[in-house]
Amino acid sequence: MTDASTSASPFFTAVYEVVQRIPKGCVATYGQVAVLTGHPHSARYVGYALHSNPNPELIPCHRVVFRDGSLSPGFAFGGSECQRQLLEAEGVSFKPSESAVNAGESGWVVDLDVCQWQA
DNA sequence: TGGGTGACTTGCG
DNA sequence: ACGCAAGCCACCC
C-alpha cells in the first residue's frame, strides 16, 4: 500500500501510545509497556520502538526505565544523570541504588515502589 | 530478498 | 549468588 501510515506498525505505534499515556510523576518499565501493548515477551522491542523515537517531544523515553529503575547508560536522551533531573522535576522519587551498588549501577534509580506507573 | 541485530526480561545451571 | 541462554518482533543493510 502506498499509504504513508505503513511506516508505523501496530506494535510500534502502540508503544508510543502507551508511553504517552504514562502519567506525569510516574515511570514504566519496558516489560510493563510490552504487556500493555499486548506483547509481554517483546520487551526488547519496546526499547527499539523508543530507539526509533520519531517524536521525542511526545515520547518521554526517560519515563521508561529498566526493571531495576535505571535506563540505558549512554543511549538515552543525553545521560542517566539528566534523566534523574527530568524525572525528579516531574515529582518522581529517587533513591541511591544501594541494593545494586554492588552491581555497579549508575548511582541513582527510580523508586519503582513509589513511582512505577500502575496501568 | 534474506540475514543480523537490538533501550529487555525471566528462568535455569 | 552469579552467569549464561533463550524468546520476541520489527527495523536496517
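What share of the contacts in chain A with a separation of 6 or more is accounted for by residues 24 or more positions apart? In this predicted model, such residues account for 59% of those contacts. Chain A contains five helices and four strands, and its elements follow the order α-β-α-α-β-α-β-β-α from the N terminus. The chain has 119 residues, of which 37% count as buried. About 7,200 Å² of chain A is exposed, and 50% of this area is supplied by carbon and sulfur atoms.

The interior was examined next. The largest nonpolar core comprises 18 residues. Within this core, the residues with the most contacts are V15, V19, V33, V46 and L50. At least two residues of the core are supplied by each of α1 (10-21), α2 (30-37) and α3 (43-52). The greatest contribution is that of α1, which provides six residues. When neighbours within four places in sequence are set aside, V15 is in contact with V33, T37, V46, A49 and L50. Among these partners, V33, V46 and L50 also belong to the group with the most contacts inside the core. A second core, separate from the largest one, is formed by eight residues, including F94, V110, L112 and C115.

Attention then turned to the two DNA strands, beginning with strand B. There are 17 residues around DNA strand B, and those that come nearest are R44, G47, L50, S72 and F75. L50 is thus listed among the nearest residues to this strand and also among the residues with the most contacts in the largest nonpolar core. By class, the surface near DNA strand B consists of nine nonpolar, six polar and two charged residues. Its largest share, seven residues, is contributed by α3. Of the atoms of DNA strand B within 4 Å of the protein, sugar or phosphate makes up 47%, and the rest belong to bases.

Individual polar contacts with DNA strand B involve its bases, phosphates and sugars or linking oxygens. A polar backbone atom of G47 is placed 2.7 Å from a base nitrogen of the strand. For R67, a backbone N or O atom lies 3.1 Å from a phosphate oxygen of DNA strand B. The side chain of S72 has an N or O atom 2.9 Å from a sugar or linking oxygen of DNA strand B. Two or more residues of the surface near this strand are given by each of the elements α2 and α3.

The residues surrounding DNA strand C are S9, F12, H39, H41, S42, R44 and Y45. Of the atoms of DNA strand C that come within 4 Å of the protein, 68% belong to sugar and phosphate. The surface near DNA strand C divides into two nonpolar residues, four polar residues and one charged residue. R44 is one of the residues around DNA strand C and is also listed among those nearest to DNA strand B. An N or O atom in the side chain of R44 lies 3.0 Å from a base oxygen of DNA strand C. Sugar or linking oxygens of DNA strand C are approached by H41 and Y45. In the case of H41, a backbone N or O atom is 2.9 Å from such an oxygen. For Y45, the corresponding distance is 2.7 Å, from a polar side-chain atom to a sugar or linking oxygen of the strand.

Conventions
Residues are numbered from 1 along each chain as its sequence is written. Chains are lettered from A and ligands numbered from 1 in the order in which they are written. This is a predicted model: local features need pLDDT of at least 70, side-chain atom pairs count only at pLDDT 80 or more; totals for chains, interfaces and linings use all residues. Side-chain values use heavy atoms; hydrogens and water are left out. A nonpolar core is a set of buried Ala, Val, Leu, Ile, Met, Phe, Trp, Tyr and Cys residues joined through side-chain atoms within 4.5 Å. Buried means under 20% relative accessible area, exposed over 50%, partly exposed in between (1.4 Å probe, protein chains only). Contact means heavy atoms within 4.5 Å. A residue is near a molecule or strand if one of its heavy atoms lies within 4 Å of it. A polar contact is a pair of N or O atoms within 3.5 Å; within protein, one must be able to donate a hydrogen and the other to accept it, and residues adjacent in sequence count only if both atoms are side-chain atoms. Ala, Val, Leu, Ile, Met, Phe, Trp, Tyr, Cys and Pro count as nonpolar, Asp, Glu, Lys and Arg as charged, and the others, Gly among them, as polar. Accessible areas come from the Shrake-Rupley method with a 1.4 Å probe; for residues, only the protein chains shown count as cover.
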